[in-house]
Amino acid sequence: IYFPRAILEHDLKLSLLRMKLEEAGIARAWCPEHEVRQKVASQENDREKTISDGLMAIETNGFREIVAIELELTHKNQRRYQHIFYDYSLKKNLWGFWYLVGHASIANQLLTAARTYHYHDDPFNLNWSLLEDVMHDPLKAKIHTPTSTHFVHEIFKPSVLNSAHLPAHPLGTLEEKEN
């Protein structure tokens with residue numbers, strides 16, 4: 001079986017990221033892309049929907065929320081990002097999405113797409129961090145929004161238990177807003 005090198009690198013980094021977030025107590029639960037794809041594939045009208053690299057349960061502002069994780073190692077075109085933002089805006093049980101980018105230039109491209117999508121009119125949470133910073137120290141890494149910068153531990157409350165010894169449990173299904 002042949003797998004393109006870029007996909008293998010992406011999946012390896014995503015697995016390492018998941019373990020790092022679990023170890024830091026940020027990821028309360030995790031649903032990987034392949035499980036989400038399986039659920040979406042069973043729904044005929046949703047075959048063209050955006051599938052995140054993972055879904056992660058977090059605690060923020062005293063609530064347990066779901067965040068879509070996107071590991072972005074290469075640039076995509078602006079239309080692709082706008083399509084992704086639109087699809088994510090339809091998810092009613094999604095707190096927001098967190099892009100872990102390989103380079104700041106990818107984040108700049110995301111922000112440009114968000115501005116042209118008129119993202120500022122949408123209450124949806126776009127967040128991004130440099131992958132290298134999160135892998136070095138998830139709690140002290142910076143997390144950026146289109147208008148501010150914080151530390152990850154200020155946005156996502158780490159659990160008191162050391163989750164490195166506890167497996168993340170799968171998440172429930174995400175429903176989309178009814179039209």
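**View 1. Strand 2, a covered strand.** Strand 2 is mostly covered in this predicted model: 7 of its 7 residues are buried. Take a walk along the strand and you can sort its residues by the way they point. Gly54, Met56, Ile58 and Thr60 go one way, while Leu55, Ala57 and Glu59 go the other way. In a regular strand, side chains take turns between the two faces of the sheet. Both sets of residues in strand 2 are buried. The strand itself covers residues 54-60, and it has pairing partners in strand 1 and in strand 3. The next two views look at those partners in turn.

**View 2. Strand 1 meets strand 2.** Here strand 1, residues 29-32, comes into the picture. Strand 1 and strand 2 are paired in the antiparallel sense, with 4 bridges. Two of the partners are easy to pick out: Trp30 has Met56 as its bridge partner in strand 2, and Cys31 has Leu55. Now look at where the strand 1 residues point. Ala29 and Cys31 head one way, and Trp30 and Pro32 head the other way. Whichever way they point, all of these residues are buried.

**View 3. Strand 2 meets strand 3.** How many bridges join strand 2 to strand 3? There are 7, and the two strands run antiparallel. Among the partners, Gly54 is matched with Ile69 in strand 3, and Ala57 is matched with Ile66 in strand 3. Strand 3 spans 63-72 and is mostly covered, with 7 of its 10 residues buried.

**View 4. The turn at Asn61.** Move along to the loop between strand 2 and strand 3, and you come to Asn61. Strand 2 and strand 3 make a hairpin here, with 2 residues between them. What is the phi of Asn61 like? It is near 50°, a positive value in a residue other than glycine. Is Asn61 buried or exposed? Asn61 is exposed, and its relative accessible area is 69%. Back in strand 2, by contrast, 7 of the 7 residues are buried.

**View 5. Strand 3 meets strand 4.** On this side the pairing is parallel: strand 3 and strand 4, residues 96-101, are joined by 6 bridges. Look for Glu72, which stands opposite Val101 in strand 4. Gly96 also has its place in strand 4. With a relative accessibility of 0%, Gly96 counts as buried. Gly96 and Ala68 are 28 residues apart in sequence, yet their C-alpha atoms are 6.4 Å apart in space.

**View 6. Helix 3 packs against helix 4.** Now for a pair of helices. Two packed helices are described by the angle between their axes and by the distance between those axes. Helix 3 (residues 78-89) and helix 4 (residues 104-116) pack at an angle of about 65°, and their axes are 9 Å apart. The two helices are therefore roughly perpendicular to each other. Helix 3 passes helix 4 in a right-handed crossing. Which residues in helix 3 meet helix 4? They are Gln78, Tyr81, Gln82 and Phe85. On the helix 4 side, the residues they meet are Ile106, Gln109, Leu110, Thr112, Ala113, Ala114 and Thr116. Sorted by class, the contact of helix 3 with helix 4 has 6 nonpolar, 5 polar and no charged residues.

**View 7. His150 in strand 7.** This close-up goes to strand 7, residues 149-151, where His150 is found. His150 is partly exposed, with a relative accessible area of 31%. Leaving aside residues up to four places away in sequence, His150 touches Ala141, Lys142, Ile143 and Ile155. Lys140 is 10 residues from His150 in sequence, and the two are 9.3 Å apart in space, C-alpha to C-alpha.

**View 8. Stepping back to the whole protein.** To place the close-ups, it helps to see the full layout. The protein has 6 helices and 7 strands, and along the sequence they follow the pattern α-β-α-β-β-α-β-α-β-α-β-β-α. Of its 179 residues, 42% count as buried. Among contacts between residues at least 6 apart in sequence, 68% join residues at least 24 apart.

Definitions and conventions: Residues are numbered from 1 along each chain as its sequence is written. This is a predicted model: local features need pLDDT of at least 70, side-chain atom pairs count only at pLDDT 80 or more; totals for chains, interfaces and linings use all residues. Side-chain values use heavy atoms; hydrogens and water are left out. Axes are lines fitted to C-alpha atoms, for helices over the stretch in contact, and angles run from 0 to 180 degrees between N-to-C directions. Angles under 35 degrees count as roughly parallel, over 145 as roughly antiparallel, 65 to 115 as roughly perpendicular and the rest as oblique. A crossing is left-handed if the near helix is turned anticlockwise from the far one by less than a right angle, and right-handed if clockwise. Contact means heavy atoms within 4.5 Å. Ala, Val, Leu, Ile, Met, Phe, Trp, Tyr, Cys and Pro count as nonpolar, Asp, Glu, Lys and Arg as charged, and the others, Gly among them, as polar. Buried means under 20% relative accessible area, exposed over 50%, partly exposed in between (1.4 Å probe, protein chains only). Two strands pair if DSSP finds at least two bridges between them.
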